[in-house]
Amino acid sequence: MEHLIHFIKDLKQTGAIAPSSKFLAKDLVEQLSEDISCEECPPLNILEIGPGTGPLTKQITKLLRPKDNLDIVELQEHFYNTIYQKYQCENVSVHHKDIINFSSDQKYDYIFSSLPYEAMGKELIKNIWRTKLELCKQKAYICYFKYVSFRKFKSNFEREIVQRYQRDKKIVFLNLPPAKVFTLEIHNPTLSASNLVENVA
């Protein structure tokens, strides 16, 4: 009910009538789970964008080791307060910011997002993707989802990124609405971002 109230108040910031299901959240962290289970896995820097009420945050923090670092960026004040109270700790930092205005001294191994791209304008989508690429390490994963009830890509910029870097895609039917999970394996993100910004409308 809490998520529905905020959906009605601000579609562009909330984007869905219900929070992501635990099934969707578990599929989103599948690659992270595989990496962390390896004994040789070094400390990871992880970024989550737009956690909402935190179903994906819950799955990420279950996997988080003391040596890993998680930054969470949430624009909507009510959701920010909820996530801050529940998850802020020594290796988890919650930021009340627009991702486009977020800066960090570090780059990230994993970037997760639950942003409602379907409710955003094309230029905003492009700017968010450019920011995400700029925050990636030289090899990184971007994991996110899109609802199957919408056309595949609203932005040519997003479509080009997925075509270049898609490692895995699956449909999660046990979600309202059903969603497609995308896992992208990014290489040389800074070069990719500048090329895409110049060449893709």
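Trainee: Let's start with Lys146: is this residue buried or exposed?
Mentor: Keep in mind that this is a predicted model, where local features need pLDDT of at least 70, side-chain atom pairs count only at pLDDT 80 or more, and totals for chains, interfaces and linings use all residues. Residues are numbered from 1 along each chain as its sequence is written, and side-chain values use heavy atoms, leaving out hydrogens and water. Lys146 is placed in strand S5; helices (H or I, at least four residues) and strands (E, at least two) are DSSP runs, numbered from the N terminus. Buried means under 20% relative accessible area, exposed over 50%, and partly exposed in between (1.4 Å probe, protein chains only), so Lys146, at 3%, is buried.

Trainee: How far apart in space are Lys146 and Ala179, C-alpha to C-alpha?
Mentor: Along the sequence, 33 residues separate Lys146 from Ala179. In space, the C-alpha atoms of Lys146 and Ala179 have a separation of 5.5 Å.

Trainee: Do strands S6 and S7 pair in the parallel or the antiparallel sense?
Mentor: Two strands pair if DSSP finds at least two bridges between them. S6 (residues 166-172) and S7 (residues 179-187) have six bridges, and they form a hairpin with six residues between them. Their sense is antiparallel.

Trainee: Which residue in S7 is the bridge partner of Gln166?
Mentor: Gln166 falls within the range of S6, residues 166-172. Across in S7, its bridge partner is Leu184.

Trainee: Which residue of S7 meets Arg167 in a salt bridge?
Mentor: A salt bridge here is a side-chain nitrogen of Lys or Arg within 4 Å of a carboxyl oxygen of Asp or Glu. Arg167 in S6 is partly exposed, with a relative accessible area of 44%. Its partner in S7 is buried at 17% relative accessibility, and the N to O distance is 3.0 Å. The partner is Glu185.

Trainee: How many residues apart in sequence are the parts that Asp27 and Lys170 tie together?
Mentor: The side chains of Asp27 and Lys170 form a salt bridge at 3.6 Å, N to O. Asp27 is partly exposed at 21% relative accessibility, and Lys170 is partly exposed at 25%. Since Asp27 lies in helix H3 and Lys170 in strand S6, the sequence separation bridged by this pair is 143 residues.

Trainee: Which residue is linked with Asp27 and Lys170 in a network of salt bridges?
Mentor: The search of the whole structure finds nine salt bridges. In the network that holds Asp27 and Lys170, the other member is Glu30.

Trainee: Are Arg65 and Asp68 buried or exposed?
Mentor: Arg65 and Asp68 form a salt bridge, and their closest N and O atoms are 2.7 Å apart. By accessibility, both residues are buried.

Trainee: Which helices give two or more residues to the positive patch?
Mentor: Patches are made of residues with over 30% relative accessible area and no salt bridge; like charges are joined within 9 Å, and nonpolar side chains (Val, Leu, Ile, Met, Phe, Trp, Tyr) within 5 Å. Lys22, Lys26, Lys58, Lys62 and Lys86 gather in this one on the surface. Lys58 is in H5 and partly exposed at 43%, while Lys62, also placed in H5, is exposed at 55%. The helices you asked for are H3 (22-28) and H5 (55-63).

Trainee: What is the accessible area of the nonpolar patch on the surface?
Mentor: Accessible areas come from the Shrake-Rupley method with a 1.4 Å probe; for residues, only the protein chains shown count as cover. Val148, in the loop between strand S5 (136-147) and helix H8 (156-165), is partly exposed at 33%. Together with Ile171 and Phe173, Val148 gives an accessible area of about 290 Å².

Trainee: Which residues make up the uncovered face of strand S3?
Mentor: In a regular strand the side chains alternate between the two faces of the sheet. Strand S3 (residues 92-95) runs parallel to S2 (residues 69-73), joined by four bridges, and Val73 has His95 as its bridge partner in S3. Val92 and Val94 form the covered face of S3, leaving as the uncovered face Ser93 and His95.

Trainee: What is the relative accessible area of Phe79?
Mentor: Phe79 lies in helix H6 (residues 77-87), with its C-alpha 5.8 Å from that of Thr53, 26 residues away in sequence. Phe79 counts as buried because its relative accessible area is 2%.

Technical notes:
Lys and Arg count as positive and Asp and Glu as negative; His and the chain ends are not counted. The place of a charge is taken as NZ of Lys, CZ of Arg, CG of Asp or CD of Glu.
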